[in-house]
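Got the viewer open? Here is a short tour, one selection at a time.

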Amino acid sequence: MLRSSLRQPLILGDRQVHMSMSMGLVEIDAASAAEGRTESLLSDADRAMYRAKSAGRGSWAVFDPDI
């Protein structure tokens, strides 16, 4: 839903702005959340995002610790 809503142009004054996004996803379980691993989870999501960006515009990737 988020990706499809961003496909619609944004109207700014008399201009249409088109956006795209790349997403990096990380799986989280209750134990990770309870351990307060916020920084490492954000870092993992960031690494996945850069992997998605390398795959091309509008891509997404799930963090894989083996990569």
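Before we click on anything, one cut-off: a residue counts as exposed when its relative accessible area is over 50%, as buried when that value is under 20%, and as partly exposed in between. Also keep in mind that this is a predicted model.

Start with the whole chain, in cartoon. You should find three helices and four strands, and from the N terminus on they run α-β-β-β-α-α-β. Turn the chain along its principal axes: the C-alpha atoms fill a box of roughly 50 × 25 × 20 Å. The radius of gyration is 15 Å, whereas a compact globule of 67 residues would come out near 11 Å. Switch to a surface and you are looking at about 5300 Å² exposed, 54% of it supplied by carbon and sulfur atoms. Just 18% of the 67 residues count as buried.

Next, select R7, in the loop between α1 (2–6) and β1 (10–12). Is R7 buried or exposed? Its relative accessible area is 57%, so R7 is exposed by the over-50% cut-off. Now add G58 and draw a distance between the two C-alpha atoms: 9.8 Å, for residues 51 apart along the chain. On contacts across the chain as a whole, residues 24 or more positions apart account for 45% of those with a separation of 6 or more.

Last stop: M19, in the loop between β2 (15–17) and β3 (23–25). At 38% relative accessible area, M19 is partly exposed. Add L10 and L12 to the selection, and you have a nonpolar surface patch formed with M19, with about 260 Å² of accessible area together.

How values were computed: Residues are numbered from 1 along each chain as its sequence is written. This is a predicted model: local features need pLDDT of at least 70, side-chain atom pairs count only at pLDDT 80 or more; totals for chains, interfaces and linings use all residues. Side-chain values use heavy atoms; hydrogens and water are left out. Patches are made of residues with over 30% relative accessible area and no salt bridge: like charges are joined within 9 Å, nonpolar side chains (Val, Leu, Ile, Met, Phe, Trp, Tyr) within 5 Å. Accessible areas come from the Shrake-Rupley method with a 1.4 Å probe; for residues, only the protein chains shown count as cover. A salt bridge is a side-chain nitrogen of Lys or Arg within 4 Å of a carboxyl oxygen of Asp or Glu. Helices (H or I, at least four residues) and strands (E, at least two) are DSSP runs, numbered from the N terminus. Buried means under 20% relative accessible area, exposed over 50%, partly exposed in between (1.4 Å probe, protein chains only). The radius of gyration is taken over C-alpha atoms; the globule rule is 2.2 Å times the number of residues to the power 0.38. Contact means heavy atoms within 4.5 Å.
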